[in-house]
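Visitor: I'd like to learn how to read strands and helices in a model like this one. Can we walk through a few?

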Amino acid sequence: MERAVLLRSLSSSSSSSALASTRLFSRSVHRLPKRHHLVPNVHRRSLLRRHLGFISPVSRPSLQLNRHFCPLSVRAVSTSTVQSSPEFLGADDDVADKLGFEKVSEEFIEECKSRAVLYKHKKTGAEIMSVSNDDENKVFGVVFRTPPKDSTGIPHILEHSVLCGSRKYPLKEPFVELLKGSLNTFLNAFTYPDRTCYPVASTNTKDFYNLVDVYLDAVFFPKCVEDIKTFQQEGWHYELNDPSEDITYKGVVFNEMKGVYSQPDSILGRASQQALFPDNTYGVDSGGDPQVIPKLTFEEFKEFHRKYYHPSNARIWFYGDDDPNERLRILSEYLDMFEANSAPDESRVGSQKLFSEPVRIVEKYPAAEGGDLKKKHMVCLNWLLSETPLDLETELALGFLDHLMMGTPASPLRKILLESGLGDAIVGGGVEDELLQPQFSIGLKGVSEDNIQKVEELIMTTLKELAEEGFNSDAVEASMNTIEFSLRENNTGSFPRGLALMLRSIGKWIYDMDPFQPLKYQEPLKALKARIAEEGSKAVFAPLIEKFILSNPHRVTIEMQPDPEKASRDEAAEKENLEKVKASMTEEDLAELARATHELKLKQETPDPPEALKCVPTLSLEDIPKKPIHIPTEVGDINGTKVLQHDLFTNDVLYAEVVFNMSSLKQELLPLSMRDATVSISKSCYWPQPPKPWAIIAYYLKSPPKGIQKSQVTQACLACDLELAWAIVSSSYSHTSSQSLLEMGTKDMDFVQLNQLIGRKTGGISVYPFTSSVRGKEDPCSRIIVRGKAMSERAEDLFNLVNCVIQDVQLMDQKRFKQFVSQSKARMENRLRGSGHGIAAARMDAKLNVAGWVSEKMGGVSYLEFLQALEKKVDDDWPEISSSLEEIRKTLISKNDCLINLTADGKNLQNAEKYVSKFLDMLPNNSPVGSTAWSARLPRTNEALVIPTQVNYVGKAANLFETGYQLKGSAYVISKYLNNSWLWDRCASVFSFLSYRDPNLLKTLDVYDGTSNFLRELEMDDDALTKAIIGTIGDVDSYQLPDAKGYSSLMRYLLGVTEEERQIRREEILSTRLSDFKEFADFVEAVKDKGVVVAVASPDDVDAANNTRPNFFEVKKAL
């Protein structure tokens, strides 16, 4: 589901996270993007990658399947400090029996130190997994099989709609009210191709059960099946403001899917899935095709809920340290109200029979005019591997094979394709087995028309060679270490561990298979290792390649051709259809449609009555700690270098950051430093999503007035104290990650050997730039950060390899460097289409402060332009580029002003000190160089970045500190309230508004400009204020894993945020009053009067805007 743009500070780090496999739409509301949906770069996974995806969220280019997900806006999850034991018990058998449940099976799962019990509700047949352990981050989820028969998007629209009010909670959106007064760590809903999931999580037991009750009531007793206006709002409707105007289509899902169908990678993913599965439910789009969505009727919508949203068709999951008996008591109150039905039979997913011969399909995708379109083709080979689900051993072996072939830059299939020069970037996500039948996909984009056949031949030839020659022992060892490290570390980043386990389990459980099996990997992995040791890797993997790929006739080749006219043809066809609809209506029909349009908007704008709001359960201020979360930090030095140490339980993993000062780098080298310094290495590399900064204010949109649609997802954010504002630049490194340092090799090792060595000895190394404004200072904080992790006994290996990476890599491989440039250019072009809000945010920041300008140079439109020029310059003047790369390294890598950050338990911290000392002694001791003055900013003009798209991304921003604003903690609470009221109901340092997949442009800006008046006229009672305060504290108290805790402490240190300041801000939050809202209005007015506007938009909408407001936008063709 698509309601809110990502919080600007974390927009990119989320999207780089490999949390999803098939394309997945979700209604996401947790800490950052309150309602953000569809990860534009989600990944297909094997059994191993499902785990590695949560553990190691570094992504590789992938083909999307039809699963609909958000770039998850979750708070990080804590590592338990006490080991669970088999003493954890399920519910009492007598209690379970009295409540109507029978125990089906019970196991202790050693891998997650949990007691898991599978129950069946006697009356309805509902199945429940009750997982008990010492994890305070409790998780609940209810999952229904929801296979669609067409592409009208019923599952997706229903997923949106059921949370719009229910029997016990008859509000427009109890979902929103929960946010205002909840401490949830996850609040979301997902629509897969064949199932719909409704998960929640919280560390507070009272809050957790509140969330569970609202969700249960929502899915079983929603108001939407009785209210056609919810269906129209969330799905689709004809809109006509006046009978003299044109009719348009509107609706949250309709508009969301128009955005999805504007993205070439998404179109490729859908074409591939539907071609692989022409005869079962996967052959249609559960998210909805914009051309088909308007065929859906309200009666079909209601019937789908009646048929599938029933306990007999439900799988229910509980996880954490709460009372197992209470779980069953809560469920029995709901489940006992139903009788068993036939849904389990009707929802069963049928298998796709294998083809007898390969299939080839050619599709078009919308492309921008200009440029060499002949070099913009895409080609992807896809296989359906089996008619039936695979056994665990085969599935595990295929996942391992997938990692060997594609999981790292050194993996042969990936390496050979990228080095071929036949394309710019990989498409296809390798093995994916989250649907009923497993698939394998691989291909390239940025391919010349003449090279399509060559790409296909190269893929087949390489696969044949791998089957014949096998993999070398170092590659196998590196992959095995990567997998074992990830499994042992169990680092799900910002994703609740219990939810990661739920999604793993449900991948089998939903098909009536054993829900315990996916949680237990130790024995199958041990058996696979033993088999490889005994028979050799070739004997294990060659037959898999031969059977499932080379000799498999069920192969679909998808060729995607660029078409600069497609977008305009689609719009013209839609307009023609609507003209026919209007022509068929009488004057009375048109008057009635205009009345219905007005009525729907009035409903959206009318607030819920106070008595209805009080029915939503909430916490009180007495439930809120008065002090901020403390992270142990000891500041010392080793060999004269500052070292931060964080004594935390990490299960014997050492996390380390080495920080170098970037401020002395020449201004003209900044974009090139992005190529040099930002590295994504191997599947073992990690980008754990950092905690959400309490330094940033974000607002989001629900249902706007005056034509602003609910799907026009909007945020506003204010970079206030910048406690963790490093994340503002995360969009740079997450989307344009470079491979130079780790993919060029050293004097003694080629890059394949280097990557394999890193995989064998560590859990990953990554290098990236960090730039942030600092409150009260003109100059930004600019650093290069090298991150690494390893088991503590490998600490020496970790620091030796970090030194090797930053000092020994030879930056002289012209051919490989050009590959990196082409890959980065392809990623940036894709980002412009799918994450235009991030591009707009970076562009606005570049107009308002130096840090924003630096970040935009390394991750915005300026960076794309730099890459386009650099791609040509590599051929013309490689010596100069190579010399510049070396100059960047010599400027940055120095013991002077270096900082080390370590996170582990005390014993392992002490053990690591001698290796840190040795590492520091190896660093060059360059003479200190003064900071370079980076004084540039982009002109403060309104700018439209034109791309081929059916939706827009609209931003407006201003620097409030230039108006005299002084940060107060109440600003966070104001944002929280606006978050879920004014801007949620209307649209979403620097204060900025952003919209996501927006059907409007100028209307959106009018909504932004109305925010200050809304604040001045605001009236709110104590309950509403309390909810805003509690929700804000939930944002402030981000729940973190140990590595995230250590990293956030490092960021506070770099940005000068003290514990005393954090306490002051917290007290200001807790003491917020209505008068603070009124006072803030004057500062928000600055955005209206002095703000700059950046829109990433379609040519037609920009032309229309400039016709309405002459010369409002300077127009720049971005693609």
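Guide: Sure. Let's start with pairing: two strands pair if DSSP finds at least two bridges between them. Keep in mind that this is a predicted model.

Visitor: Okay, which residue of β10 stands opposite glutamate 127?

Guide: That's arginine 315. Glutamate 127 belongs to strand β4, residues 127-132, and six bridges join β4 to β10 (residues 314-320), with the two running parallel.

Visitor: How do β3 and β4 run, parallel or antiparallel?

Guide: Antiparallel, with six bridges between β4 and β3, which spans residues 114-121. Look for valine 117 in β3: serine 130 of β4 stands opposite. The two strands make a hairpin with five residues between them, and in that turn glycine 125 has a positive phi of about 85°.

Visitor: And is β4 largely enclosed or open?

Guide: Here a cut-off helps: buried means under 20% relative accessible area. In β4, five of the six residues are buried, so the strand is largely enclosed by the rest of the structure.

Visitor: Let's try a helix. Which residues of α14 are buried?

Guide: In α14, residues 412-419, you'll find Leu413, Arg414, Leu417 and Leu418 buried. They span an arc of only 120° around the axis, which puts them on the same side of α14.

Visitor: What covers the buried residues of α14?

Guide: The cover includes helices α13 (392-406), α15 (452-469) and α27 (814-834), along with strands β13 (425-432) and β14 (439-447).

Visitor: What about just after α14?

Guide: There, glycine 421 takes a positive phi of about 75°.

Notes. Residues numbered from 1 in each chain as written. Predicted model: local features only at pLDDT ≥ 70, side-chain atom pairs only at ≥ 80, totals over all residues. Heavy atoms only, no water. Buried < 20%, exposed > 50% of the residue type's maximum accessible area, 1.4 Å probe, protein only. Helix = DSSP H or I, 4+ residues; strand = E, 2+ residues; numbered from the N terminus. Arc of directions from axis to C-beta. Contact = heavy atoms within 4.5 Å.
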